[in-house]
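Student: Got a minute to go through this model with me? I'd like to start with the overall picture and then get into the details.

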Amino acid sequence: MNLFLDAFAWLADPANWTGPGSIPQRIAEHLWVSGVVLVIASAIALPIGALVGHSGRGREPAVMISGGLRALPTLGVLTLFGIWIGIGLAAPVISLVILAIPPLLAGAYAGFESVDRRTIDAARAMGMRELQVVGKVELPLGMPIVVGGIRSATLQIIATATLAAYIADEGLGRFIFTGLKTRDYGEMLGGSILVILLALVIDGCFALTQRVVVPAGVRATRTAELRSRPTRPRTVVGRPNTEGNQE
Amino acid sequence: MNWLWSNLDLVGELMLVHLALSVPAIILSFVISVPIGWLAHRYRWSRGVLLSICGLLYAIPSLALFIALPAFTGLSLRSPVNLVIALTLYGIAVIVRTSADAFDSVERDIRQSATAVGYSATGRFWGVELPLAGPVLLSGLRVVIVSTVSLATVGAVIGVQSLGSLFTDGFQRGIQVEIITGIVATIVLALGLDALSVMLGRLLMPWTRRGASNGRAAAARRVREETA
């Protein structure tokens, strides 16, 4: 437990809370970089995902991109852009954007796709135009899943922004790398604790948001869906079992 | 390209080291999460608790976990065991949810029929529920294989050798080919293990081969895409 005492001593040291490279400044940097990356990546991935989910076209490539980019090692992307672009924030920002796109894309198309086709048909039958279908039906109903995608993208960004301190002078990861270099375990662990707290707080905010964005009408019927439904309706006595084409 | 030809030995060796880190973590996390997932499926009260714990675990940034873990285990920061434990924890965080879904995907009718023809609770688990949950479990395992192989590279920055060492070394010495080699080797390794798991799945679950579009196959597909 001595290690934790070192970390708390480091966290409690007033010298670490003021001046350049202080804890508040690193937290602000971390949040700033993560925020910028999230905005850029969302601007790219969410509209594409929405279009794919809405139209059903380009689904295969979207699945392949969001699945394939997963295998990309984050550290490899960071160091590669680090060499290409050099010192500064551009390299981490570009790599973070690339790594944040898959979860955003997957969340957006899965959210739009999750909307029952019959609900969309009903909306059309009521005379809604295409944009109204998207804005008033698909977006609200798919919102929890879209926010879920933003949530995992944000966690990914925060984690990778920590790692990005390896190639740039940025964020809470600096404490970890400085600690590694000077063999100061207190600083490393203190920095790690801050990163973990930051990630958990933000994850908690998203968990709340995900609940809030569930439309009231959906929430009212939620309880019935908690148990998984059988994928095939039970055979009713006196009626032949209709396997296959039922709808 | 010269770098690659004169360092093929190194790349091969690091691939083996990388396998030695990721394969135990993948197997351990699978073996540990299946019973936890079953618990989450079986008892409603445990579901929320277990899945929230996994969610929290998954939210912890990897580098921070690598650093914080030795404070609990007492291991050295550079110990490969430390990395394997951390990777196992992440794997568990991913598969528990999927394996709860996997057991959910077994239809109630089937469980009741199994009980009706005389299966005991244990016999039903091994003979009916586990095999039928197999395809969804496999889809969870595939996600973990890819993410674990990719995540293991991060260990290089704290001094644990793996294919990630090609990134740190390439970055410090400014050798672009070395980093690209590392990325390609990591992806090849991930896809290779993934293909292996699919083949193993076909071998162990011959009934999935016919490509029947039943509920479980659809659930497996959904899990793969959701977690992608």
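Tutor: Sure, we'll take chain B, a pocket, some salt bridges and a buried residue in turn.
Tutor: One warning before that: this is a predicted model, where local features need pLDDT of at least 70, side-chain atom pairs count only at pLDDT 80 or more, and totals for chains, interfaces and linings use all residues. Residues are numbered from 1 along each chain as its sequence is written, chains are lettered from A and ligands numbered from 1 in the order in which they are written, and side-chain values use heavy atoms, with hydrogens and water left out.

Student: Fine. How many helices and strands are there in chain B?

Tutor: Chain B has 10 helices and 0 strands. Those are DSSP runs numbered from the N terminus, with helices being H or I of at least four residues and strands E of at least two. The C-alpha trace of chain B spans about 65 × 40 × 25 Å along its principal axes.

Student: What percentage of chain B counts as buried?

Tutor: 51% of its 228 residues. Buried is under 20% relative accessible area, exposed is over 50%, and partly exposed is in between, using a 1.4 Å probe and protein chains only. On contacts (heavy atoms within 4.5 Å), take the ones in chain B with a separation of 6 or more: residues 24 or more positions apart account for 73% of them.

Student: Which feature does UniProt place at residues 15-197 of chain B?

Tutor: The unreviewed UniProt entry puts "domain: ABC transmembrane type-1" there. Positions follow the numbering used here, feature names are shortened, and annotations may be inferred rather than shown by experiment. In the model that span is 84% helix and 0% strand, and its end C-alpha atoms lie 18 Å apart.

Student: Switching to pockets. How much space lies in the second largest pocket?

Tutor: About 710 Å³. The search uses a 1 Å grid over the protein atoms alone, and a pocket is an open set of points with protein on both sides within 12 Å along at least five of seven lines. The volume is the space filled by probe spheres set on the points, which are joined across faces, edges and corners.

Student: And which residues lie nearest its centre?

Tutor: B:Phe30, B:Leu138, B:Leu141, B:Leu200 and B:Leu204, out of 24 lining residues, where lining means having an atom within 4 Å of a point. The elements giving two or more residues to that lining are α2 (8-42), α7 (121-151) and α9 (176-204) of chain B. The largest share, 9 residues, comes from α7(B).

Student: How does that lining divide into nonpolar, polar and charged?

Tutor: 21 nonpolar, 3 polar and no charged. Here Ala, Val, Leu, Ile, Met, Phe, Trp, Tyr, Cys and Pro count as nonpolar, Asp, Glu, Lys and Arg as charged, and the others, Gly among them, as polar.

Student: OK, charges then. How many salt bridges over all chains?

Tutor: 11. Each is a side-chain nitrogen of Lys or Arg within 4 Å of a carboxyl oxygen of Asp or Glu.

Student: What does A:Arg26 pair with?

Tutor: A:Asp169, at 3.1 Å from N to O. A:Arg26 lies in helix α2 (residues 23-55) of chain A and A:Asp169 in the loop between α7 (130-164) and α8 (173-182), so the pair ties together parts 143 residues apart in sequence. A:Arg26 is buried at 9% relative accessible area, whereas A:Asp169 is exposed at 56%. A:Glu29 joins A:Arg26 and A:Asp169 in a network of salt bridges.

Student: What about B:Arg173, which residue does it form a salt bridge with?

Tutor: B:Asp169, with the closest N and O atoms 2.7 Å apart. They sit 4 residues apart in helix α8 (residues 164-173) of chain B, about one helical turn. B:Arg173 is exposed at 54%, and B:Asp169 is partly exposed at 25%.

Student: What covers the buried residues of α8(B)?

Tutor: The cover includes α4 (74-85) of chain A, together with α1 (2-6), α2 and α9 of chain B. Among the buried residues are B:Leu166 and B:Phe167. After α8(B) comes B:Gly174, with a positive phi near 70 degrees.

Student: Last one: is A:Val37 buried or exposed?

Tutor: Buried, at 0% relative accessibility. A:Val37 is in helix α2 of chain A. Leaving out residues up to four places away in sequence, A:Val37 touches A:Val93, A:Leu96, A:Val97 and A:Ile157.

Technical notes: On a 1 Å grid over the protein atoms alone, a cavity is a set of points where a 1.4 Å probe fits but cannot get out, and a pocket is an open set with protein on both sides within 12 Å along at least five of seven lines; lining residues have an atom within 4 Å of a point.
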